[in-house]
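Biologist: Could you take me through this structure? I would like to begin with how the strands are arranged.

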Amino acid sequence: MKLRLIAATLAVMALGTTSIMAEGLKGTPETPLAIVESQKDSASILPDQYKSYATQMNTVVKDYKNGYTFTIPWRVADGVMLDMDVRSESEHIQGYSFNLAGPTQDDAYTVSFTKRNNTPQDGVSQKEWNTTWYGVPIKGMSSEEYLSIWRQHSNAFEHNDIVGGFFSKKGATSARWDKTTPKSYAEMTSTEPVQSVFEAEFIMDKDPTHRYNLVSTYAPIQADFMEAGLMEHTIPSFELINKKNSNAIKGVKQFLTGTNDISVAEGIKFTYPKGFTRLNEKGKIAFTKHNIRLDVESFTIPVQAVSTGMPTMMGKQMLGDYYLKQLVEVNKASITRYETHIIDGNVMFYLAGHMKNPNTSDTSAAAPVSFGATIILGNEGNVAVARMIGPSGVSLATPELIDILDGFRLTTTLNTNQSSQVL
């Protein structure tokens with residue numbers, strides 16, 4: 001990392017803000033070639049005006065079971081959900097790990113976010129443990145002090161250039177960051193590929209017994225691109241969320257004994273939409289609320305790479321891309337949001353915008369309507385879509401309505417072992 005960029009980053013941190021991007025960064029850094037190359041298929045499917053979604057696409061993770069959410073401002077190549085006991089002070093690790101570039105690319109770009117136990121050591125109280133750095137109070141601690149104290153207790157500085165410090169984050173008792181780059185990169189004494197490792201860690205006021213850990217690896221030359229995304233988007237996006245039980249919604253008529261889930265297709269269920277009334281339409285799963293209509297349907301698609309069993313992340317994304325293309329070409333849609341949503345390990349794709357009313361027989365002459373939709377691909381090759389339609393002036397992209405559209409749940413998953421699930 002250039003010295004000017006390091007100095008600017010530390011200066012911004014001293015102001016006590018979660019916006020810790022370097023002041024000297026101008027414009028939008030170009031997407032690394034390795035990421036672009038790994039998403040060639042997506043770029044070839046997406047309509048011309050939406051090709052930027054091939055790489056610049058929010059990946060929104062909501063883990064209600066473990067009570068947190070975060071967003072990565074990029075499309076991911078693959079991912080794994082982890083849940084394991086470990087022989088370290090972390091004791092238990094739960095979270096997500098993503099690759100931004102595919103396995104055939106030379107440069108690695110990874111992002112992981114995990115929840116870990118935060119157990120005090122040596123009889124120290126939880127409060128003291130959470131508010132000190134190697135026993136020294138962190139309140140008012142400068143970045144220079146942070147690094148100096150760390151240097152006294154670690155030999156990591158011998159072969160690495162390390163920058164970092166504490167910063168202010170809403171809702172956090174403490175939040176710190178650091179970036180480690182092998183000295184061989186600065187000295188250019190090694191021909192081996194070199195990776196910088198960026199880490200940010202939060203201890204939240206409302207969850208003092210856990211640490212939330214963000215780690216990313218990338219080529220040092222791409223620091224501007226990666227750090228812009230991590231510092232300006234991912235770190236501010238992290239927050240604790242209330243845990244919810246999709247099978248315990250009160251006051252809703254149960255259509256299946258003992259559950260509020262509606263079977264849409266083999267291996268795919270949908271949570272009954274709270275506040276909506278089911279319509280009595282033969283052969284359809286449809287609901288209404290005021291001037292909003294919600295249809296939930298399943299179908300198969302004639303794209304073998306997408307519809308084959310046990311789909312990869314790339315295959316699931318291809319499904320979303322083809323659906324976007326269909327909405328644009330057939331329904332003359334204008335897409336304002338296209339995102340990957342990972343809800344408790346279920347991968348789906350959310351779209352919103354305006355289009356010609358699909359419920360009108362002559363679509364070409366139909367009036368425009370607002371829409372929001374989520375599409376999901378099951379492990380058996382089944383596809384399901386939940387779509388809301390409303391008047392053109394009505395926003396369907398509210399958090400409450402998005403949560404309803406994200407109500408899909410897969411009843412089967414692809415596991416590599418007992419501690420991980422392929423997304």
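Modeller: One definition comes before the sheets: two strands pair if DSSP finds at least two bridges between them. Please also keep in mind that this is a predicted model.

Biologist: Understood. What is the order of strands in the open sheet of three strands?

Modeller: The order is β13-β14-β22, and the pairing is antiparallel. The edge strands are β13 (261–265) and β22 (408–410), each of which pairs on one side only. From one strand to the next, the twist averages 35°.

Biologist: How many bridges hold β13 and β14 together?

Modeller: There are four bridges between β13 and β14 (residues 268–271), and the two strands pair in the antiparallel sense. As one example, A265 has I268 in β14 as its bridge partner.

Biologist: What holds strands together in a sheet, in general terms?

Modeller: Strands of a sheet pair through backbone hydrogen bonds, in either a parallel or an antiparallel manner.

Biologist: Let us move along the chain. Which strands does β17 pair with?

Modeller: Strand β17 (residues 292–299) is joined to β16 (residues 285–289) by five bridges, and to β21 (residues 383–391) by seven bridges. The strands run antiparallel in the β16 and β17 pair, and also in the β17 and β21 pair.

Biologist: Where does V296 fit in?

Modeller: V296, in β17, is the bridge partner of I285. V296 also has a bridge partner in β21, namely A386.

Biologist: And what is found in the hairpin of β16 and β17?

Modeller: Two residues lie between the strands of that hairpin, and H290 takes a positive phi near 55°.

Biologist: Changing topic to pockets: what is the volume of the largest pocket?

Modeller: The volume of the largest pocket is about 630 Å³. It is lined by 24 residues, and those closest to its centre are E89, W129, W133, R176 and E201.

Biologist: Which elements supply the lining?

Modeller: At least two lining residues each come from β5 (110–117), α4 (126–130), β6 (132–133), β9 (172–182), β10 (196–204) and β11 (207–218). By character, the lining divides into eight nonpolar, nine polar and seven charged residues.

Biologist: Last item, Q421: is this residue buried or exposed?

Modeller: Q421 is buried, because its relative accessible area is 12% and the cut-off for buried is under 20%. Q421 lies in strand β24 (residues 420–422).

Biologist: What does the side chain of Q421 reach?

Modeller: The side chain of Q421 reaches the backbone oxygen of G345, at 3.4 Å.

Technical notes
Residues numbered from 1 in each chain as written. Predicted model: local features only at pLDDT ≥ 70, side-chain atom pairs only at ≥ 80, totals over all residues. Heavy atoms only, no water. 1 Å grid on protein atoms, 1.4 Å probe; cavity = no way out; pocket = protein on both sides within 12 Å on 5 of 7 lines; lining within 4 Å. Points joined across faces, edges and corners; volume = space filled by probe spheres on them. Nonpolar A, V, L, I, M, F, W, Y, C, P; charged D, E, K, R; others polar. Buried < 20%, exposed > 50% of the residue type's maximum accessible area, 1.4 Å probe, protein only. Polar contact = N/O pair within 3.5 Å; in protein donor to acceptor, adjacent residues only side chain to side chain. Axes fitted to C-alpha atoms, helices over the stretch in contact; angles between N-to-C directions.
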